[in-house]
There are 4 protein chains.
Amino acid sequence: MVRADARRNRAKLLEVAEQVFKERGTDVPTEEIARAAGVGVGTLFRHFPTKEALLEAVFLNRMERLAERAERLIADEEPGSAFFTFFLMLVEQSAMKNVLAAALAEAGINAKDVTAGIRGGFRGHIATLLERAQQAGAVRGDIGVDDVIALLLGLAAAGEQTELDAAVARRTVDIVLAGLKVAPQKDLTTGLASPS
Amino acid sequence: MVRADARRNRAKLLEVAEQVFKERGTDVPTEEIARAAGVGVGTLFRHFPTKEALLEAVFLNRMERLAERAERLIADEEPGSAFFTFFLMLVEQSAMKNVLAAALAEAGINAKDVTAGIRGGFRGHIATLLERAQQAGAVRGDIGVDDVIALLLGLAAAGEQTELDAAVARRTVDIVLAGLKVAPQKDLTTGLASPS
Amino acid sequence: MVRADARRNRAKLLEVAEQVFKERGTDVPTEEIARAAGVGVGTLFRHFPTKEALLEAVFLNRMERLAERAERLIADEEPGSAFFTFFLMLVEQSAMKNVLAAALAEAGINAKDVTAGIRGGFRGHIATLLERAQQAGAVRGDIGVDDVIALLLGLAAAGEQTELDAAVARRTVDIVLAGLKVAPQKDLTTGLASPS
Amino acid sequence: MVRADARRNRAKLLEVAEQVFKERGTDVPTEEIARAAGVGVGTLFRHFPTKEALLEAVFLNRMERLAERAERLIADEEPGSAFFTFFLMLVEQSAMKNVLAAALAEAGINAKDVTAGIRGGFRGHIATLLERAQQAGAVRGDIGVDDVIALLLGLAAAGEQTELDAAVARRTVDIVLAGLKVAPQKDLTTGLASPS
DNA sequence: AATGAATGAGGTTTCATTCAT
DNA sequence: AATGAATGAAACCTCATTCAT
């Protein structure tokens with residue numbers, strides 16, 4: 001029956017770690033997180049054998065929560081609206097908090113790999129939302145999931161740097177959404193713009 | 001006039017540091033950079049009394065080089081084209097290499113503050129390019145310099161995460177550029193989109 | 001209750017540090033002390049987060065042991081004798097090992113401040129001993145605790161410089177004690193001598 | 001003719017070093033002293049091949065100046081007064097600034113050795129002053145030069161620790177001088193007091 | 001003879017991880 | 001299963017000394 005304690009500890013650690021990483025960056029000493037969670041370092045390391053493992057777990061945890069929302073959106077809303085809502089949601093929550101992704105990257109771990117195993121497939125959900133929106137004519141047809149993910153990451157990063165100014169954050173999202181709606185452009189300046 | 005050696009060392013350090021930070025992240029030991037530049041740690045610390053100072057210097061150095069290009073564009077090209085070219089250029093060179101900006105941010109140094117003092121004013125150049133493009137009708141009128149900078153940071157970050165796929169990088173820029181051209185949107189999904 | 005180990009380590013460190021500082025000065029690398037105590041550097045720094053803190057702790061530790069003796073003297077001996085005995089005791093043990101006090105002073109920590117908080121009040125004990133001795137007519141009445149402390153420090157320093165010659169050390173103490181007995185002098189040479 | 005510059009530099013360095021050591025302790029970086037003297041480090045090291053050598057030189061320089069004064073006193077004043085004046089003078093100027101002696105000691109250099117070569121013999125002067133004073137009955141007869149030197153060192157150290165309180169410094173000197181006048185004491189407390 | 005940039009050993013401190021209790 | 005003290009590699013930085021100019 002000690003299992004109950006253990007599971008509660010794990011959850012608390014995950015929650016606290018997310019909070020602390022967000023507030024103070026991923027460089028906080030492991031001990032700080034343990035203390036904030038009200039456990040000893042030893043306990044933390046029992047649950048996550050490595051700091052890296054903790055990073056991964058927090059990242060995955062976040063992703064899973066997002067995946068759940070995506071599922072609900074797919075089920076409940078109509079195509080165009082669903083896609084845009086999800087996009088906004090991700091960015092507004094500064095969903096991926098780039099710090100994490102960056103920290104993982106630095107550790108030589110690809111965020112894509114980590115995400116791969118998520119229930120239902122995070123990536124898959126985005127794909128579904130995107131395709132439907134494209135079929136409904138709400139999003140230009142020449143882009144793919146990877147483009148969307150890249151944009152999400154980018155906007156999240158932008159939001160982080162300008163976290164002081166909410167108006168800026170909103171305007172950047174607005175611009176990207178606008179860009180997603182219109183048809184493919186022809187020769188902007190150098191002609192680079194058209195998809196290959 | 002030993003200054004020749006000194007200046008060469010400083011330049012070499014800056015160059016090497018930029019390279020190493022790009023390849024291995026900003027967590028590399030200071031000593032590594034010194035070794036790579038062929039000098040002792042002491043020399044590095046004589047030039048940059050703190051690791052943070054080195055980071056700042058690399059960042060500034062990059063910015064200055066960009067500022068020079070901006071000046072040339074302002075002089076030579078016509079408004080709309082100049083703006084888009086500069087934008088593309090920045091992103092394609094993954095100009096701001098987010099690692100740096102992130103590291104600076106973590107260290108409590110605001111990129112905005114650092115950039116403020118740059119020769120000729122990097123920010124000022126962007127402002128000029130933007131205003132001209134807006135007057136020429138090539139860019140929507142409701143955005144400001146900070147929005148552009150945020151978008152640049154975002155795209156740079158996006159580019160970093162997906163550095164394998166050049167096509168993705170290009171497409172994301174295309175989308176943002178498209179978004180910059182059109183007039184402000186009204187009620188995308190939730191109506192959040194319009195600037196307050 | 002791992003505390004047993006911890007306390008043992010702390011005690012061992014204090015003991016070893018006192019010994020090492022005495023033998024080789026306060027410039028010994030922290031690591032040396034750790035090694036001599038049979039622990040890792042980390043352990044040392046867990047107990048004393050700063051070298052300065054270690055110095056302080058050693059100093060305080062010594063003071064506390066002295067304070068205990070002072071208490072016993074106050075309780076057991078008659079006034080004049082008690083004062084002189086304590087004085088001799090302090091000096092003979094080269095009680096304050098000036099190295100420490102000097103190191104602390106250099107570090108900007110005033111010995112007075114540190115001593116202030118000691119259990120039972122080291123300074124208070126001296127005051128008591130002094131006052132009683134003065135009331136008993138064994139010590140001239142125009143001096144205060146600070147004077148006594150200054151003299152102690154001075155004699156300790158003198159003892160250190162001449163540690164080879166026990167006879168010299170003894171004679172200097174004798175002289176000071178003699179000087180403490182007699183009444184205030186009038187015009188030695190320049191008349192500087194009398195307290196203002 | 002470059003010799004003039006060289007000698008001036010050496011003098012300036014000695015003067016500045018004494019000042020800086022007094023104000024900030026002997027741990028100041030060599031470079032600081034060079035800067036304060038308006039020369040490069042290289043120059044400093046040409047004159048004093050080692051920091052230790054600089055320390056020694058400053059010490060010696062001070063001693064020589066003192067020796068000169070002693071000579072004048074021996075010539076001009078009457079025995080008792082001469083001795084006490086010299087004693088006071090040394091202490092009031094905090095003449096030996098213990099830091100120096102301590103630093104030398106730490107470096108494994110005996111202050112006595114360094115002083116040995118002084119013109120006229122510093123120690124010899126004290127001996128002369130003392131003997132005369134004793135013959136004139138102004139100082140008790142059972143003490144020797146080493147005792148006096150020890151007391152001087154001690155008082156200088158005491159003065160250093162309590163440099164804030166001039167009254168304390170003066171009183172301690174007064175006590176010691178009083179002690180030097182009176183005849184040998186018999187059994188203070190334990191009988192330790194009498195010279196062996 | 002003077003300069004000050006370069007050197008690099010070495011000092012203090014941090015922190016992920018292990019392990020005795 | 002939990003605790004938190006212990007560990008020690010490694011980070012950053014300082015400074016006496018050398019050496020090219």
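I started with B:Thr43, and an N or O atom in its side chain sits 2.5 Å from a phosphate oxygen of DNA strand E. Worth jotting down early: this is a predicted model.

**DNA strand E**

Next I checked D:Asn9, where a side-chain N or O atom comes out 2.8 Å from a phosphate oxygen of strand E. D:Gly42 uses its backbone instead: an N or O atom there lies 3.1 Å from a base nitrogen of strand E.

Then I looked up the whole neighbourhood. I got 33 residues around DNA strand E, and the closest are A:Thr30, B:Asn9, B:Thr43, B:Arg46 and D:Thr43. Of the strand E atoms that come within 4 Å of the protein, 69% belong to sugar and phosphate.

Which classes do the residues near strand E fall into? I noted twelve nonpolar, 14 polar and seven charged. Among the helices that each give at least two residues to this surface are helix 1 (3-24) and helix 3 (41-47) of chain B, and helix 2 (30-37) of chain C.

**DNA strand F**

I moved on to the other strand entry. Here 30 residues surround DNA strand F, with A:Thr43, C:Asn9, C:Thr43, C:Arg46 and D:Thr30 as the closest. Sugar and phosphate make up 69% of the strand F atoms that come within 4 Å of the protein.

I wrote down some phosphate contacts too. The side chain of C:Arg46 has an N or O atom 2.5 Å from a phosphate oxygen of strand F. For A:Asn9 the side-chain value is 2.8 Å, and for a polar side-chain atom of B:Thr30 I have 2.9 Å.

Last entry: the surface near strand F splits into eleven nonpolar, 13 polar and six charged residues.

Definitions and conventions
Residues numbered from 1 in each chain as written. Chains lettered and ligands numbered in written order. Predicted model: local features only at pLDDT ≥ 70, side-chain atom pairs only at ≥ 80, totals over all residues. Heavy atoms only, no water. Near = heavy atom within 4 Å. Polar contact = N/O pair within 3.5 Å; in protein donor to acceptor, adjacent residues only side chain to side chain. Helix = DSSP H or I, 4+ residues; strand = E, 2+ residues; numbered from the N terminus. Nonpolar A, V, L, I, M, F, W, Y, C, P; charged D, E, K, R; others polar.
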